[in-house]
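I opened this entry to keep track of what I looked up, one item at a time. The notes follow the order in which I checked things.

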Amino acid sequence: ETEYRSNGIGKLCDALSCFVTEKRNGSYELKMTYPSFGLHAEDLTEGNIILAKPAERTTVQPFRIYKITTPLTGLLEVCARHIQYQENFITVSPFSAVGSQAAMAAISSHVTTPCPFSFWMDIDSSATFTITTPATVRGCLGGMDGSMLDTYGGEYEWDMYTALLHGHRGADHGVKIVYGKNLIDFK
């Protein structure tokens, strides 16, 4: 499934908590607490996908379950990673491209296995991007020395099956955090 037009197996309305954490150019994970007697508890298995809205101003995103634990409390602790982690299993053959836009397009054309992902960037650079040995798509994007992130900089946004490399993600609204004024404690 890549369209997610229905509720799939069903809504996880029994969930006690569900948090999504995204680190800048890093991990993007979901952690959920679900009762072992919940309506869909038996459907929460490794490899299944949970569709969740990670933040107020974003669209729903797919997260693949990679770990489920059952502590003594009887509540399931479900850990899932964004679907983009699937890029770790798609290989790219060696290539070289001049310019950021050409490099991003070359990733799609040099994959050695089927790739459901698309790639986009708003950075315009004439730097050369080179992969000398076979690598994974995720490695090319930002998980190894000489990656797109190393070569062109920027900040990644993961939206469903699209990897977006922005020059700067977010906006500067001119707000300053000043100790004693709008910051009263720091731990």
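Entry 1, Glu155. I started with the burial of this residue in the predicted model. Glu155 has 15% relative accessibility, so I enter it as buried, the cut-off being under 20%. I find Glu155 in strand S11. Next I looked for a polar partner of the Glu155 side chain: one of its polar atoms lies 3.0 Å from the backbone nitrogen of Arg169. Leaving aside neighbours within four places in sequence, I list the contacts of Glu155 as Arg24, Asn25, Leu164, Leu165, His166, Gly167, His168 and Arg169. Arg169 is thus in the contact list as well as in the polar pair.

Entry 2, the sheet that holds S11. I traced an open sheet of 3 strands, in the order S8-S12-S11, with mixed pairing. Why is one side of S8 and of S11 left without a neighbour in the sheet? Strand S8 (118-121) and strand S11 (155-159) are at the edges and have a single partner strand each, so one side of each stays free of a neighbour in the sheet. From one strand to the next I get an average twist of 20 degrees. For S8 and strand S12 (residues 162-166) I note parallel pairing over 4 bridges. Within this sheet I also looked up Met121, whose bridge partner in S12 is Leu165. Helix H1 (residues 100-109) packs on the sheet and touches S8 and S12. The direction of H1 makes about 175 degrees with that of S8.

Entry 3, Gln84. I then went to the loop between strand S5 (75-82) and strand S6 (91-92), where Gln84 lies. Is Gln84 buried or exposed? Its relative accessibility is 1%, so Gln84 counts as buried. The Gln84 side chain reaches the backbone oxygen of Met160 at 3.1 Å. Setting aside neighbours within four places in sequence, I find Gln84 in contact with Phe117, Arg138, Trp158, Met160, Tyr161, Thr162 and Ala163.

Entry 4, the other sheet on my list. I see 5 strands in an open, antiparallel sheet, ordered S1-S2-S5-S4-S3. Strand S1 (17-22) and strand S3 (49-52) are the edge strands, and each pairs on one side only. Neighbouring strands here are turned by 30 degrees against each other on average, direction ignored. I checked one pair in detail: strand S4 (residues 61-69) and S5 run antiparallel and are joined by 6 bridges. Arg64 has Arg81 in S5 as its bridge partner.

Entry 5, the core. In soluble globular proteins, nonpolar side chains tend to be buried together. I count 43 residues in the largest nonpolar core here. The residues with the most contacts inside this core are Leu44, Phe95, Ile107, Phe119, Phe129, Leu141 and Met148. I followed up Met148: apart from neighbours within four places in sequence, its contacts include Ile107, Phe129 and Leu141. Also among the contacts of Met148 are Ser100, Ala103, Met104 and Met121.

Entry 6, totals. I record 3 helices and 12 strands for the protein. The C-alpha trace spans about 55 × 55 × 30 Å along its principal axes. Of the 187 residues, 34% are buried. Among contacts between residues at least 6 apart in sequence, 52% join residues at least 24 apart. The protein exposes about 11400 Å², and carbon and sulfur atoms supply 53% of that area.

Methods: Residues numbered from 1 in each chain as written. Predicted model: local features only at pLDDT ≥ 70, side-chain atom pairs only at ≥ 80, totals over all residues. Heavy atoms only, no water. Pairing = 2+ DSSP bridges. Axes fitted to C-alpha atoms, helices over the stretch in contact; angles between N-to-C directions. Contact = heavy atoms within 4.5 Å. Buried < 20%, exposed > 50% of the residue type's maximum accessible area, 1.4 Å probe, protein only. Polar contact = N/O pair within 3.5 Å; in protein donor to acceptor, adjacent residues only side chain to side chain. Core = buried A, V, L, I, M, F, W, Y, C linked by side-chain atoms within 4.5 Å. Areas by Shrake-Rupley, 256 points an atom, 1.4 Å probe, with all protein chains shown as cover.
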